[in-house]
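This report walks through one protein model, from a single side chain outward to the chain as a whole. Please keep the sequence and the structure in view while reading.

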Amino acid sequence: MFLLLFVLLILNLEIFVQIDKLLWATTNLNQTTFRNGDPIRNAKTRAEWLYCLDNGIPAYCAYNNDTTLSKKYGLLYNWFAIADPRGLAPENTRVANNDDF
């Protein structure tokens, strides 16, 4: 079993927990803009989501398309938003990748 060291830190108004050598956010991502301030498209319908997927457009949506759930569950992002070079995660952070697990 892995020995987990939990340390709460406050960094840029985000709370993180340290597990081994990595810091993980304790809240779900809820970004509607890229790190540089450019807006991310809000796909409000299934048709919009599929259009963005088919056309390589970065997009997000709310769980069940219910924006009141965003605070609890965060937002859902397509691959194009995650991989966009403008950066999805807040400054000095990044989206986790396979090497982190």
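Where is the place of Arg86? In this predicted model, Arg86 sits in the segment after α3, and the report begins there.

## Arg86 and its surroundings

With a relative accessibility of 30%, Arg86 falls into the partly exposed class. When residues up to four places away in sequence are not counted, Arg86 touches Phe34, Arg35, Asn36, Asp38 and Pro58. One of these residues, Asn36, is 50 residues away from Arg86 along the chain, and yet the C-alpha atoms of the two are separated by 6.3 Å.

## Salt bridges

The structure contains two salt bridges. In one of them the side chains of Arg86 and Asp38 meet, at 3.2 Å from N to O. Arg86 belongs to the segment after α3 (79–83), whereas Asp38 belongs to the loop between β3 (22–25) and β4 (41–42), so this pair ties together parts that are 48 residues apart in sequence. The side chains of Arg86 and Asp38 are also joined by a polar contact of 3.2 Å.

The other salt bridge brings together the side chains of Asp84 and Arg86, at 2.8 Å from N to O. Asp84 is buried, because its relative accessible area of 13% is under the 20% cut-off that defines the buried class. Asp38, by contrast, has a relative accessibility of 29% and counts as partly exposed. Through salt bridges that share partners, Asp38, Asp84 and Arg86 are joined into one network.

## Strands and the open sheet

The protein has three helices and six strands, and, read from the N terminus on, its elements follow the order β-β-β-β-α-β-α-β-α. Three strands form an open sheet, arranged in the order β4-β5-β6 and with mixed pairing. The edges of this sheet are β4 and β6, each of which pairs on one side only. As a general point, strands of a sheet pair through backbone hydrogen bonds, either parallel or antiparallel.

Strand β4 and strand β5 (residues 59–62) run parallel and are joined by two bridges. Asn42 has Tyr60 as its bridge partner in β5, while Arg41 stands opposite Ala59 in that strand. In a regular strand, side chains alternate between the two faces of the sheet. In β5, Ala59 and Cys61 point one way and Tyr60 and Ala62 the other way, and all of them are buried.

## Asn78, a buried loop residue

Asn78 is found in the loop between β6 (75–77) and α3. Is this residue, Asn78, buried or exposed? Asn78 is buried, with a relative accessible area of 2%.

Leaving aside neighbours within four places in sequence, the contacts of Asn78 are Trp49, Cys52, Leu53, Ile57, Pro58 and Ala59. Two of these names have appeared above: Pro58 is also among the residues that Arg86 touches, and Ala59 is the residue of β5 that stands opposite Arg41.

## A nonpolar patch and the surface

Which residues make the nonpolar surface patch of about 280 Å²? The patch is made by Tyr63, Tyr73 and Leu76. Of these residues, Tyr73 lies in helix α2 (residues 70–73), and at 39% relative accessibility Tyr73 counts as partly exposed.

For the protein as a whole, the accessible surface comes to about 7,600 Å², and 57% of that surface belongs to carbon and sulfur atoms.

## The chain as a whole

The protein has 101 residues, of which 23% count as buried; Asn78 and Asp84 are among the buried residues described here. Where contacts between residues at least 6 apart in sequence are considered, 39% join residues at least 24 apart. The salt bridge between Arg86 and Asp38 offers an example of a link across the sequence, tying together parts that are 48 residues apart.

Definitions and conventions:
Residues are numbered from 1 along each chain as its sequence is written. This is a predicted model: local features need pLDDT of at least 70, side-chain atom pairs count only at pLDDT 80 or more; totals for chains, interfaces and linings use all residues. Side-chain values use heavy atoms; hydrogens and water are left out. A salt bridge is a side-chain nitrogen of Lys or Arg within 4 Å of a carboxyl oxygen of Asp or Glu. Helices (H or I, at least four residues) and strands (E, at least two) are DSSP runs, numbered from the N terminus. Buried means under 20% relative accessible area, exposed over 50%, partly exposed in between (1.4 Å probe, protein chains only). Contact means heavy atoms within 4.5 Å. Accessible areas come from the Shrake-Rupley method with a 1.4 Å probe; for residues, only the protein chains shown count as cover. Patches are made of residues with over 30% relative accessible area and no salt bridge: like charges are joined within 9 Å, nonpolar side chains (Val, Leu, Ile, Met, Phe, Trp, Tyr) within 5 Å. A polar contact is a pair of N or O atoms within 3.5 Å; within protein, one must be able to donate a hydrogen and the other to accept it, and residues adjacent in sequence count only if both atoms are side-chain atoms. Two strands pair if DSSP finds at least two bridges between them.
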